[in-house]
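Here is a walk through one protein model, from its overall form to one strand and then to the surroundings of its ligand. Keep the structure in view while reading.

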Amino acid sequence: MILNVEGLQTYIGEFHILQGVYLQVPAGKVTVLLGRNGAGKTTTLRTIMGFLKPRQGKIEFEGQGITGLPAHQVARKGLGYVPEDQAIFSGLTVEENLKIAMRSKNGEGLLEKVVSIFPDLKAAWRKKAGSLSGGQKQMLAMGRGLVTNSRLLLIDEPSKGLAPVVVEKLAEAIKQIKKETTVVLVEQNFNLARAVGDRYYILDDGRTVHSGTMADLAADTSLQQRYLGISLSPH
Ligand SMILES: Nc1ncnc2c1ncn2[C@@H]1O[C@H](COP(=O)(O)OP(=O)(O)OP(=O)(O)O)[C@@H](O)[C@H]1O
């Protein structure tokens, strides 16, 4: 397992948000975190990344404890984060946004990789990020995650607010990304989750309540209805 999370408990102020999160994330796969709004998915990613300090529990990355380390140290260990609000610089160009996010000097290869995964970004290379479409902004945010050359990428709800045709492009991109980088994906869009996910965890009320293979979940409509509020025709 590249990431191992055990019994995570996180408070935000006095609110007890995470009350027992357990994750085992295999290398080279996409692990999807599912669950209703407010279940604690974003808080889980923020705790793993070191933006929130857990009150209890442990987090191991590549067998090394990272519990309670600040975010810049967690990033240096090889974890990258693509937040839901995208955190791109509107006044800078696509190129500048990517170069700022780059940690290593030998970045040209990384830029080429980003462009090959997201050809749309090449076309918008010298445009200000603020002028991009919603889909392009999401691609840029993911590109910024990729140029950190992290071995594990945490991606928070990339499909939010995007048209189905753009979500399909993101699915293709995530399939490319997973050839080289392990991914933990928070995703409410079950079609995207199913298209790219190998394994899933369901969070409910700050706890992991179910896990398994994506294929099993796709076949289990009662589980989908119970925790995700969806039902899809199996195909
Ligand atoms: N800064 C905060 N102050 C107080 N409560 C918060 C704060 N941030 C999050 N919460 C609460 O923590 C709970 C978990 O939020 P979180 O964002 O992790 O859920 P989520 O599963 O990612 O849902 P969503 O898809 O809506 O982002 C929610 O009840 C939310 O209201």
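The paragraphs below go from the whole chain to its parts.

The model is a predicted one. The protein holds ten helices and ten strands. Its C-alpha trace spans about 45 × 45 × 30 Å along the principal axes. A compact globule of 235 residues would have a radius of gyration near 18 Å, and the 17 Å found for this protein agrees with that. Of the 235 residues, 41% count as buried. Contacts also reach across the sequence: when residues at least 6 apart are considered, 66% of their contacts join residues at least 24 apart.

Strand 6 offers a place to look more closely. This strand covers residues 79-82, and every one of these residues is buried. In a regular strand, side chains alternate between the two faces of the sheet. In strand 6, L79 and Y81 point one way, while G80 and V82 point the other way. The strand runs parallel to strand 7, residues 152-156, and four bridges join the two. Within this pairing, Y81 stands opposite L154 of strand 7.

The ligand is the next stop. Which residues lie around the ligand? They are I12, G13, F15, I17, G35, N37, G38, A39, G40, K41, T42 and T43. By character, this shell divides into four nonpolar residues, seven polar ones and one charged one. Strand 2 (15-25) and helix 1 (41-49) each supply at least two residues of the shell. Helix 1 gives the most, with three residues.

Technical notes. Residues numbered from 1 in each chain as written. Predicted model: local features only at pLDDT ≥ 70, side-chain atom pairs only at ≥ 80, totals over all residues. Rg over C-alpha atoms; globule rule 2.2 N^0.38 Å. Buried ≥ 20, exposed ≤ 12 C-beta atoms within 10 Å, placed from the backbone. Contact = placed C-beta atoms within 7 Å. Pairing = 2+ DSSP bridges. Near = placed C-beta within 6 Å. Nonpolar A, V, L, I, M, F, W, Y, C, P; charged D, E, K, R; others polar.
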